[in-house]
Amino acid sequence: MKVIITESQYQKIVFQLLDSLFGPNISYEKQKDSIEINDNDGEEIFRVYLKNGRMKGCKKDMYVIAETIDTIVKYMPLAVIKKKLFSKTILLYVNEKTGLNVDCIEFWYVTELYDTELDDEDYVPYTKKYNFNLKKNKKIKS
């Protein structure tokens, strides 16, 4: 059985998930070349780069902290997180909560599960980078 939901229903679900995980009152603090976006507890969940560190074509490039992705992956499969709609929804959420008008998102994700038979010092997780530009509505090749 397939369940079909609209984009607005999907957005509402993701907004509620993010509110539940990080709190409805996220805040931000401007730094010299970046902006720290914090959850209700004051922990950094996103970082917006204003100058150095931005991708080509982005005015405000939001980097998702690794711990934030790890938290979200506990509730949503990685296959969903790597979709344009999810990236677009996170950017809309941050823009709505902060008024920062962020236009790009970037995050790293682990593509393999940890193999317990490997020694800790020999294990290097395989990670991939995901970039998305909201204004162009497309993934950015890096």
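**Close-up views of a predicted model**

**View 1. Phe107 and Tyr130 are both buried.** Here "buried" means under 20% relative accessible area, "exposed" means over 50%, and "partly exposed" covers what falls in between, using a 1.4 Å probe and protein chains only. The model is predicted: local features need pLDDT of at least 70, side-chain atom pairs count only at pLDDT 80 or more, and totals for chains, interfaces and linings use all residues. Residues are numbered from 1 along each chain as its sequence is written, and side-chain values use heavy atoms, with hydrogens and water left out.

**View 2. The whole chain sets the scene for the close-ups.** Four helices and seven strands make up its secondary structure; these are DSSP runs numbered from the N terminus, helices being H or I with at least four residues and strands E with at least two. If you follow the sequence from start to end, you meet the pattern α-β-β-β-β-α-α-α-β-β-β. The chain has 142 residues, and 37% of them are buried. Take the contacts (heavy atoms within 4.5 Å) between residues at least 6 apart in sequence: 48% of these join residues at least 24 apart.

**View 3. Three aromatic rings, from Phe107, Tyr109 and Tyr130, are linked into a cluster by ring pairs.** Rings of Phe, Tyr and Trp (its six-membered ring) pair if their centres lie within 6.5 Å; planes under 30 degrees apart are called stacked, over 60 edge-to-face, and the rest tilted. How many aromatic pairs does a search of the whole structure find? It finds three. In one of them, Phe107 and Tyr109 have ring centres 6.2 Å apart and planes at 55 degrees, so this pair is tilted. Like Phe107, Tyr109 is buried. Phe107 also pairs with Tyr130: their centres are 5.1 Å apart and their planes at 25 degrees, so this pair is stacked. Phe107 sits in strand β5 (residues 104-110) and Tyr130 in strand β6 (residues 127-133), so the stacked rings tie together parts that are 23 residues apart in sequence.

**View 4. A salt bridge joins the side chains of Lys129 and Glu106 (3.6 Å, N to O).** The term means a side-chain nitrogen of Lys or Arg within 4 Å of a carboxyl oxygen of Asp or Glu. Lys129 belongs to strand β6 and Glu106 to strand β5, so the two tie together parts that are 23 residues apart in sequence. Which of the two partners is buried, and which is partly exposed? Lys129 is partly exposed, at 33% relative accessibility, while Glu106 is buried, at 11%. Across the whole structure, a search finds five salt bridges.

**View 5. Lys97 and Asp19 also meet in a salt bridge, with 3.3 Å from N to O.** This pair links distant parts of the chain, with Lys97 in helix α4 and Asp19 in helix α1, 78 residues apart. Lys97 is partly exposed, with a relative accessible area of 28%, and Asp19 is partly exposed too, at 24%.

**View 6. Asn38 and Glu44 meet here, side chain to backbone.** A polar atom of the Asn38 side chain lies 3.5 Å from the backbone nitrogen of Glu44. Asn38 lies in strand β2 (residues 34-38) and is buried, at 6% relative accessibility. Beyond its neighbours within four places in sequence, Asn38 touches Ile26, Ser27, Glu43, Glu44 and Ile45. Glu44 has a salt bridge as well, with Arg47 (3.0 Å, N to O). Arg47 is buried, with a relative accessible area of 19%, whereas Glu44 is partly exposed, at 25%.

**View 7. Asn101 and Asn137 each show an unusual backbone angle for a non-glycine residue.** Most residues other than glycine have a negative phi. Asn101, in contrast, has a positive phi of about 60 degrees, and Asn137 has one of about 55 degrees. Where is each of them? Asn101 is in the loop between α4 (84-98) and β5, and Asn137 is in the loop between β6 and β7 (138-139). Asn101 is exposed, with a relative accessible area of 53%; Asn137 is partly exposed, at 37%.

Technical notes: Polar contact = N/O pair within 3.5 Å; in protein donor to acceptor, adjacent residues only side chain to side chain.
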